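Here is a short walk through one protein chain, from a sheet to the cores and on to the places where caution helps. Please keep the structure open beside the text.

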Amino acid sequence: MHLSELTHPNQLHGLSIAQLEQVARQIREKHLQTIAATGGHLGPGLGVVELTLALYQTLDLDHDKVVWDVGHQAYPHKMITGRYNDFHTLRQKDGIAGYLKRCESKFDHFGAGHASTSISAALGMALARDRKGENYKVAAIIGDGSLTGGMALEAINHAGHLPHTRLLVILNDNEMSISPNVGAISRYLNKMRLSPPMQFFADNLEEQFKHIPFFGETFTPEMERVKEGMKRLAVSKVGAVIEELGFTYMGPVDGHDLQELITTFEQAHQIEGPVLVHVATTKGKGYAIAENDQVGYHAQSPFNLTTGKAIPSSKPKPPSYSKVFAHTLTQLAENNPKIIGITAAMATGTGLDKLHAKLPDQYIDVGIAEQHAVTLAAGLACEGMRPVAAIYSTFLQRGYDQVIHDVCIQKLPVFFCLDRAGIVGADGPTHQGMYDISYLRCLPNLVQMAPKDEGELQRMIVTGIDYTDGPIAMRYPRGNGYGVPLMEEGWEPLDIGKGEILRNGDDLLLVAYGSMVHPALQVAELLSEHGVETTVVNARFAKPLDTELILPLAEKIGRVATLEEGSLIGGFGSGIVEALMDANIVVPVQRLGVPDILVDHATPDQSKTALGLMPAQMADSIRDRFFQKQPTPVNA
């Protein structure tokens, strides 16, 4: 069977192992070709090809439900549920989503872009099934990295107390999340895999057999099987813990042995109550380069499939915001031992791997556990440390109660660095950093700031480290900076709550925040061509606002436009309007930003075009709103 003919996963039923292996090869070939061309998540999907095929051969997907954790691992799932022929559009505008999406396919039973949610969702489905008197299977696939998330453990704790609720949890154990896993759970799994007494016993048993007459070196293949059996015995100790939690434990199973997987899943389906099948997989399986660099090939930009090297851009680009952040923070930390960088399993993405490499004692990776990361930072702050929690905007949402309860209420000096703020592109709605301005602006005691470029980012890092009167948050976008000069030392902190005027004009006040400051200057240039002269303010701070600067200008000029790369509801522009109302300044205001919609996957420029946030579009929108009587260019 060719994958292009596969429109329903039930078509896998009855296929022989040889036929399934042929399908597996096609999945890997398509997977590699697509990611090499478009970029995307590489290693996770390659590791679960056999797991997916084996599981789906034992299910009836017209009725049974499968919940994939995160969605990184679900590319094979997409290919065998009718999306093979469109898979080349992965993560492109109007193409296949990079994550699970209920509106994309009836087989995407639960959307997922954040980790550790699958067991909770699957248990909810199982309980609904039982409540309605229906009879279908529910399976959740979760990686060992996601298992470090507190939500997954809460779900396991709940499911273990429901002995008559049929639920299959598949632990995809590849010893990795995005970066190597941290924490007691992953350490316990590794301890069982690599137990020194077991390893010592197996190695010495092999050595002893070599000295037995007639065996010698010829016994090595048999000894390998003995050693593997002993490793399985060691790992089975994991099962004792799972059994104590109320699950039936099965495994570990070779995640690339189709027959063993099928047999195990068929047995698991016969057991009443919750079952956990422990499957050992290799991240990046089938592509040696990805197998050997599982962190680097978790996700890739377009690359050469033969060499594995990224395809270079046509011209050198300025450094990314993440790189400048990491470099600057590391330099500051070298001279300040109180600085502690904190990541929630995103060391490479946030750049904190650089801090870890140079100053490992000033670096903490808590695993996929943003709630814990925030409260850990609060505890460090209590004792005089300078915790810097580098967390993507979309992921800090997972620790929101802790930001309020453990940090803001206690007015603790935690520095939140929100990477990937604003429009992030191909990852889609689950990863867009749209809401941090709104969800943090309402919190007492917290300062919010955003740099206009990578040079100002450096100054804001110093500002965040120096500020000790309470929590402070800095948002910055994904991608490269503008190529402005960077300093290696001598950065001056900014005055809290103070903006700057970048351009003067009498016709319009344009107040921009963060990544929208440079576009605001472009808007001002375009408006100038039509005789509209604009004052451009780089607000720098969303809270506290520089009302001493902004309010008199607004009252004098009489027209105000605000620019932000985030949700308009409760966002930066809303803060400007609130300040004007509180000061009884009644002037027309136009807010430009992201309306009350979800921003789907596309390139950032495609998304901004769809939202009307490109400079020429914003200039036209402002002219339509304020200057309809001045449509003719001054040089006409």
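A good place to begin is a facing pair of residues: Val 511 stands opposite Val 537, which belongs to S16. Keep in mind that everything here comes from a predicted model.

The pair belongs to a stretch where strand S15 (residues 508–512) and strand S16 (residues 534–538) run parallel, joined by five bridges. These strands are part of an open five-stranded sheet with mixed pairing, in the order S14-S16-S15-S18-S19. Which strands stand at the edges? They are S14 (500–503) and S19 (589–594); each has a single partner strand, so one side of each is left without a neighbour in the sheet. From one strand to the next, the twist averages 25°. Helix H21 (residues 547–557) packs on this sheet, where it touches S14, S15, S16 and strand S18 (560–567). The direction of H21 makes about 150° with that of S15.

Now to the nonpolar cores. The largest has 51 residues, and those touching the most other members are Leu 53, Leu 55, Tyr 56, Trp 68, Leu 168, Phe 265 and Val 277. Helix H1 (residues 17–38) gives this core its largest share, seven residues. Phe 265 is worth a closer look: leaving aside residues up to four places away in sequence, it touches Leu 51, Ala 54, Leu 55, Thr 58, Leu 168, Ile 170 and Val 277. A second core, separate from this one, has 30 residues, among them Cys 417, Ile 461, Met 474 and Trp 491.

What about the cysteines? Cys 417 is buried, because its relative accessible area of 0% falls under the 20% cut-off. Cys 103, in contrast, counts as exposed, because its relative accessibility is 69% and the cut-off is over 50%. The count of disulfides comes to zero.

Finally, a word on confidence. The chain averages a pLDDT of 88, and 87% of the residues score at least 70. Two stretches with pLDDT under 50 are listed here, with their contacts beyond four places or near neighbours in sequence:

| Stretch | pLDDT | Contacts in the model |
|---|---|---|
| Residues 192–216 | below 50 | 34 contacts |
| Residues 230–235 | under 50 | 18 contacts |

Where pLDDT is low, predicted coordinates should not be read in detail. With that in mind, please treat the 34 contacts of residues 192–216 and the 18 contacts of residues 230–235 as part of the model.

How values were computed
Residues are numbered from 1 along each chain as its sequence is written. This is a predicted model: local features need pLDDT of at least 70, side-chain atom pairs count only at pLDDT 80 or more; totals for chains, interfaces and linings use all residues. Side-chain values use heavy atoms; hydrogens and water are left out. A nonpolar core is a set of buried Ala, Val, Leu, Ile, Met, Phe, Trp, Tyr and Cys residues joined through side-chain atoms within 4.5 Å. Buried means under 20% relative accessible area, exposed over 50%, partly exposed in between (1.4 Å probe, protein chains only). Helices (H or I, at least four residues) and strands (E, at least two) are DSSP runs, numbered from the N terminus. Contact means heavy atoms within 4.5 Å. pLDDT is the predictor's confidence in each residue, from 0 to 100. A disulfide is a pair of cysteine sulfur atoms within 2.5 Å. Two strands pair if DSSP finds at least two bridges between them. Axes are lines fitted to C-alpha atoms, for helices over the stretch in contact, and angles run from 0 to 180 degrees between N-to-C directions.
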